[in-house]
Amino acid sequence: MHTLELRDLHVALTEQPDKSIVKGVTLTIKSGEVHAIMGPNGTGKSTLSKAVAGHPDYTITGGDVLLDGKSILEMEPDERARAGLFLAFQYPSEIPGVSIANFIRAAVQARLKEGEELDATSYYKRLYAKMDLLKIDRKFTSRAVNDGFSGGEKKRCEILQMAMLEPAFALMDETDSGLDIDALKVVAEGVNAMRSPRFGVLMITHYQRLLDYIVPDFVHVMMDGRIVKSGDKTLAMELESRGYDWIKKEFAPAKA
Ligand code: ADP
Ligand code: MG
């Protein structure tokens, strides 16, 4: 059993340390759980995920992030990954000439202890087993990473990498407004195939629609840098039918 804990997390832009974007987020995710963060545009959802990933544009100005009780804030992004976090932001947009199979192999190799060599036969055996699980065509792995990929294929590559790295937690920020229904289904099927007591997910999404495919255990609404409401999957349904205005009213400071 693993836990990922955000404790009163505050995040600012590195360039503007006085401009607070995330203003005290507290959240505990256990392995086996799927949490969704929803909310209107510009409320700090992507900033939250990038800060946890260690993106240099964002600085954590307060609070802590703990993986199994240990702070990850002093870790480089690759160390965070080795510790068991899968963070979508590490993915290169395009690597011409590097096949998916070799790219993922390098990522898996990088997680091994120094001096340990990845055995090619067992690597491919595991890769093909994961591809079968995710219903990915064998031909896919010989293509270059993201080279001329559709939205769905990019997601397939990302999900395959996630399946191979077997992280304790995945942070997924499905921001892309161009995410079509095919890509959405790839993400959902991948996450659902990987759901297990050893794997937790923090799914950030603007789309209630994604949550039709990945049924979350918990739903959190973020507004103005804070989680203002939490609930179960019925909260996502309520947001779909009622929008966000009613929550805004609940949490808006009373006008004098
Ligand atoms: P969300 O993902 O909820 O739509 P974001 O985290 O992307 O929100 O953005 C929250 C706020 O922070 C927005 O006002 C956005 O303009 C600002 N912001 C985020 N990243 C940057 C950046 N790199 N430079 C300047 N402003 C930023
Ligand atoms: Mg966003």
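In this predicted model, the largest nonpolar core holds 39 residues, and among them M162 and M172 touch the most other members. Several elements build this core, for α3, α4, α5, β9, α6 and β10 (200-205) each supply at least two of its residues. If residues up to four places away in sequence are not counted, M172 touches I159, M162, V187, V191, V201, L202, M203 and I204. Apart from this core lies another one, of 25 residues, which includes L9, V65, L171 and L202. As a general background, nonpolar side chains in soluble globular proteins tend to be buried together.

One contributor to the larger core is helix α5, which spans residues 151-165. The helix has 15 residues and reaches 21 Å from its first C-alpha to its last, which is close to the 21 Å expected at 1.5 Å a residue. Because 12 of its 15 residues are buried, α5 is largely enclosed by the rest of the structure. The buried set opens with G152, E153, K155, C157 and E158, and continues with I159, L160, Q161, M162, A163, M164 and L165. These buried residues pack against a wide list of partners, namely β6, α3, α4, β8 (144-145), β9 and α6 (181-194). Just after the helix, E166 takes a positive phi of about 45 degrees.

Helix α4 (residues 120-133) can be read in a similar way: at 1.5 Å a residue its 14 residues should span 20 Å, and its end C-alpha atoms are indeed 20 Å apart. Which residues of α4 are buried? They are Y123, L127, K130 and M131, and because they cover an arc of only 100 degrees around the axis, they lie on the same side of α4. The general reason behind such a pattern is that an α-helix has 3.6 residues a turn, so residues three or four places apart point the same way. The face of α4 turned away from its buried side carries T121 and K125, both exposed. On the buried side, the residues of α4 pack against α3 (100-110) and α5 (151-165). Just after α4, K135 takes a positive phi of about 55 degrees.

From the helices we can turn to the sheet. Six strands form an open sheet in the order β6-β9-β10-β3-β11-β12, and their pairing is mixed. The edge strands are β6 (85-87) and β12 (226-231), each of which pairs on one side only. From one strand to the next, the twist averages 20 degrees. At the β6 edge, this strand and β9 (residues 169-174) pair in the parallel sense over three bridges, and L87 stands opposite L171 in β9. Helix α8 (residues 233-242) packs on the sheet, where it touches β3 (34-38), β11 (218-223) and β12, and its direction makes about 45 degrees with that of β11.

A last stop is S99, which is found in strand β7 (residues 95-99). Is S99 buried or exposed? Its relative accessible area is 15%, and since a residue counts as buried under 20%, S99 is buried. Leaving aside its neighbours within four places in sequence, S99 is in contact with T141, S142, R143, A144 and V145.

Methods. Residues are numbered from 1 along each chain as its sequence is written. Chains are lettered from A and ligands numbered from 1 in the order in which they are written. This is a predicted model: local features need pLDDT of at least 70, side-chain atom pairs count only at pLDDT 80 or more; totals for chains, interfaces and linings use all residues. Side-chain values use heavy atoms; hydrogens and water are left out. Helices (H or I, at least four residues) and strands (E, at least two) are DSSP runs, numbered from the N terminus. The expected span of a helix is 1.5 Å times one less than its number of residues. Buried means under 20% relative accessible area, exposed over 50%, partly exposed in between (1.4 Å probe, protein chains only). The arc is that of the directions from the helix axis to the C-beta atoms. Contact means heavy atoms within 4.5 Å. Two strands pair if DSSP finds at least two bridges between them. Axes are lines fitted to C-alpha atoms, for helices over the stretch in contact, and angles run from 0 to 180 degrees between N-to-C directions. A nonpolar core is a set of buried Ala, Val, Leu, Ile, Met, Phe, Trp, Tyr and Cys residues joined through side-chain atoms within 4.5 Å.
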